Amino acid sequence: MPGLRTLSYGTLWRLFLVTAVCVNLASVALAGPRERAQRIHDRLAGVPPTKEVLDQMEDLISNGQVRQAAELAMQNKHFYTVTLKNFAAPWTNRDQNVFVTLNDYIALVIGMVRDNVPFDQILYADLLYVGSGSLPPPSPANNDHFEALERRMAAPDFSVAELQPIPQSSVYPLPAAATAGAMTTRAAAEAFFIAGTNRAMFRFTMLNHLCTDLEQVLDTSVIPDRIRQDVSRSPGGDSRVFMNNCIGCHAGMDPMAQAFAYYNFNEATGSIEYTDGVVQPKYFNNDETFPDGFVTPNDSWDNYWREGQNAVLGWDTTLPGSGAGAKSLGQELARSQAFAQCQVKKVFKAVCLREPDADDQTQFDAMVASFRSSNYNLRNTFAESAEYCTAGL
């Protein structure tokens with residue numbers, strides 16, 4: 001048998017790798033309930049647990065109560081002020097940037113998860129969460145209240161109980177029937193109703209809450225009767241571009257984005273604007289591009305994607321597939337199978353630090369079914385993800 005001096009560099013390197021793997025496997029094999037408790041707390045709260053909490057979590061895991069241990073970890077305020085803040089922050093801006101200040105959209109997500117509010121209501125509830133105590137009052141014209149709330153969250157004595165639910169319509173110039181959860185928060189309005197044609201609100205709602213961008217739902221077989229006047233039917237003088245590309249998104253998007261016809265973000269006042277019964281002028285931008293295109297008369301909408309290839313999004317057959325205004329459109333989107341799958345996918349990635357793959361499909365499907373059957377309880381999904389992704393560690 002040759003000595004180490006006669007082994008090649010490549011052989012030595014392979015021996016090192018094998019040794020490292022064996023050491024790693026040994027450490028995994030030695031990991032017990034306490035190590036798993038530590039890992040669950042780190043994943044959910046992002047900070048080490050106290051000894052008392054770690055002891056309690058270890059006891060729960062030793063007794064097979066892993067889900068309860070995860071619930072205990074989520075009692076840590078950092079689950080709300082850090083984990084959930086970072087979880088929701090990219091949904092609130094066009095750049096999908098996590099490094100944004102706290103705003104009403106993020107606070108809404110935090111409060112709904114804390115209170116186990118059915119998370120499908122994120123797209124249609126008349127709901128805000130605001131801070132209590134000596135903070136500036138919430139305003140439709142600025143983000144001062146939530147910036148002060150973020151500073152308060154950093155205080156050692158902050159408690160998540162300070163977040164209080166109030167009607168969105170009590171702060172913003174919207175009737176209750178025109179509120180639509182996150183879509184009518186000030187942050188979302190500033191990001192997605194500003195200027196433009198309000199199509200951005202539809203596109204980013206699909207992206208953030210159905211995990212589906214427009215290219216994925218492109219369907220050129222949809223009837224194009226609701227495409228607005230601002231869309232050229234022969235871009236660059238070539239009608240084939242419209243027939244083979246533009247029509248695929250606009251034929252389905254424009255009939256649904258019509259739900260936002262009365263909404264705008266007014267830069268002058270810094271507030272969301274709602275013109276009940278009057279279509280916003282932006283819906284008639286570039287009306288000479290194709291004068292024979294659709295002229296928006298009101299905020300009624302229809303989901304043409306209930307038929308054809310986009311039926312795969314799993315639309316709720318108990319809903320009519322049409323309506324008026326953002327609230328009913330929010331219900332249409334939030335009751336889809338794609339919405340449920342999207343929320344579970346995002347939570348899985350946040351907790352497991354990776355996307356679910358083919359090996360996770362059975363578990364993923366079970367978690368989606370659990371999310372829907374638990375009345376859209378997103379905190380439960382966090383606990384299920386923590387249980388699954390730390391098994392065997």
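This dialogue reads a few features of a predicted model, from the whole chain to a helix pair and one residue.

User: How many helices and strands does the protein chain have, and what share of its residues is buried?

Analyst: The protein chain holds 14 helices and six strands, and buried residues account for 49% of its 393 residues. Its C-alpha trace spans about 85 × 60 × 40 Å along the principal axes. Of the contacts between residues at least 6 apart in sequence, 66% join residues at least 24 apart.

User: At what angle do helix α12 and helix α14 pack, and how should I read that angle?

Analyst: An angle between helix axes is read by the class into which it falls, and those that are neither roughly parallel, antiparallel nor perpendicular count as oblique. Here α12 (residues 337–352) and α14 (residues 378–389) pack at about 45 degrees, with their axes 9 Å apart, which means that α12 is oblique to α14. The crossing of these two helices is right-handed.

User: Which residues make the contact between α12 and α14?

Analyst: On α12 they are Q343, V344, V347, F348, V351 and C352, and on α14 they are L378, T381, F382, S385, A386, Y388 and C389. Sorted by class, this contact has 10 nonpolar and three polar residues, with no charged ones.

User: Is N208 buried or exposed, and what does N208 touch?

Analyst: Residues under 20% relative accessible area count as buried, and N208, at 4%, is therefore buried. N208 belongs to helix α9 (residues 199–209), and a polar atom of its side chain lies 3.1 Å from the backbone oxygen of W91. Leaving aside residues up to four places away in sequence, N208 touches P90, W91, Q96, F192, C342 and K346.

How values were computed. Residues numbered from 1 in each chain as written. Predicted model: local features only at pLDDT ≥ 70, side-chain atom pairs only at ≥ 80, totals over all residues. Heavy atoms only, no water. Axes fitted to C-alpha atoms, helices over the stretch in contact; angles between N-to-C directions. Helix = DSSP H or I, 4+ residues; strand = E, 2+ residues; numbered from the N terminus. Parallel < 35°, antiparallel > 145°, perpendicular 65-115°, else oblique. Left-handed = near helix turned anticlockwise from the far one by under 90°. Contact = heavy atoms within 4.5 Å. Nonpolar A, V, L, I, M, F, W, Y, C, P; charged D, E, K, R; others polar. Buried < 20%, exposed > 50% of the residue type's maximum accessible area, 1.4 Å probe, protein only. Polar contact = N/O pair within 3.5 Å; in protein donor to acceptor, adjacent residues only side chain to side chain.
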